[in-house]
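Here is a short tour of a protein model for you to follow on screen. Have the sequence and the 3D view open as you read.

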Amino acid sequence: MKTWHGTAVLSAWLIGTACATNPVTGARQLSLVSEAQEVAMGRAAAVEVRQTIGLVDDRALQNYVSATGLSLARTSERPELPWSFEVVDDPTPNAFALPGGFIFVTRGMLNLMDSQAELASVLGHEIGHVTARHSVSAISRQQLAQLGLGLGGIFFPEVQPFGEAIGAGLGLLFLKHGRDAERQADELAVQYAGGLNYDVRETIDVFESLSRAGGDQRSALPAWLSTHPAPADRIEALRQHIATPGVRTGAIVDRGEYLRQIDGLVYGHNPRQGFFRDQVFYHPDLRFRFSLPAGWQGNNLTHAVEAISPGRDAAMVLTLSPAPGPAAAARQLAAQQNVRMLQSSDERVNGLPSVVSVFDAATEGGVVRGIAAHIELGGRVYELIGYAPVDRFGANGPAIERALKSFAPLTDRAMLSIQPRRIEIVTLRRAMTVAEFAREHDSPIPVEELALINQADGTNTVLAAGSQAKRVVGPRQ
């Protein structure tokens, strides 16, 4: 959770059916959206991505990735689109394209790659999905209608496992492309990157690394293979395509500048933005803590902390309120059309000025009953809401109330001072295996993971003298 206020609300679309020409294949195809609608859809969803997942706070790195992507996009079949390329602050290796040319790559992906040629191949792949309108083709009329709801459509969703619908716009990220679309995007990546003289053989290295990298269930994003299906022969098909006569392979790799750009980049989860330990959520930057009920599962997103009960019949959400104080925040809650306030009172929660309320709220799935605690700390107002269907509130209400009232200032020095792990680039004085590198340059990650981020086949792979390698520095978590 970061210091961010509010939620993104997507606009509703007027959805029409039109016949359009695929800009890549030249074929006429039935399309549910015009190009203007495609751009509007992608732009609104991109706002939601930035606010819900967040961007890496490194202007030089953002500019580097943007410049690389824009140079490729200008050579594509749709250079007129409002292309943008940004790095999102998520540890899962992934990249994704929204309709209209809004492309994101995660810092987890940047941790995994090791050259600008690899970056160009990944961005080129996502550009290919846009130019061939794969995302638009994958969206059904029903999904398009649902996109109009936005995050603000229903304040209290029917209790369901979190992460299934972080936001309507983010649903675009979870669209899976078919085998033919993936192969076409692979070939377009080779075309775009090779056309700018990048060594497209680097594409094989990054795809092989992605096939070995696992997902992270704590992330807001799915792993690469969840959104980019990889049949067993996909890498071999790409290898054969690169070897086809007439395919330009290029010569630019530019490993040194790429590694310089990611030197110091956060690796893995950033505890400064909040983390769970033994059912307690700690936020060092915002200096607060609170406890989850036993057995509840928590999830830390950019804009909120969410939790769900073991029986998946109750949920909690913590977020920041834009209101000037607890009383004003409680009034804003009471003013919502679907909310009926049952009681509300001023309290002190662990010495902090607060307003605690009980309410009913009408949702599409029925009436839920909830407890809201609006608590002021450090000049910010926190909104903690726990709720369950009315017939399940009696079983969950006491645990929810204890959890909300556990919110307190964080004073533990060890938790306040915790730092993230980071990538550090090391120039090797002599040739050594990955295992030897791990012993000489200690990293708080398994040696097999160190081999993965250095794109080595295994721990016995030899790293050349004078070459640069990645290590990870920071605490053992």
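## A sheet and a helix end

Strand E9 (residues 288–291) and strand E17 run antiparallel and are joined by two bridges. Strands here are DSSP runs of type E with at least two residues, helices are H or I runs of at least four, and both are numbered from the N terminus. Two strands pair if DSSP finds at least two bridges between them. Phenylalanine 288 has proline 409 of E17 as its bridge partner.

This is a predicted model, in which local features need pLDDT of at least 70 and side-chain atom pairs pLDDT 80 or more, while totals for chains, interfaces and linings use all residues. Residues are numbered from 1 along each chain as its sequence is written, and side-chain values use heavy atoms, without hydrogens and water.

E9 and E17 belong to an open, antiparallel sheet of four strands, ordered E7-E8-E9-E17. Its edge strands, each pairing on one side only, are these:

| Edge strand | Residues |
|---|---|
| E7 | 275–277 |
| E17 | 408–409 |

Now to a helix: threonine 131 lies in H4 (residues 116–131). Threonine 131 counts as buried because its relative accessibility is 0%, where buried means under 20% relative accessible area with a 1.4 Å probe, protein chains only. Its side chain makes a polar contact of 3.0 Å with the side chain of tyrosine 192.  A polar contact is a pair of N or O atoms within 3.5 Å; within protein, one must be able to donate a hydrogen and the other to accept it, and residues adjacent in sequence count only if both atoms are side-chain atoms.

Overall, the protein has 16 helices and 21 strands, and 54% of its 477 residues count as buried.

Key. Buried means under 20% relative accessible area, exposed over 50%, partly exposed in between (1.4 Å probe, protein chains only).
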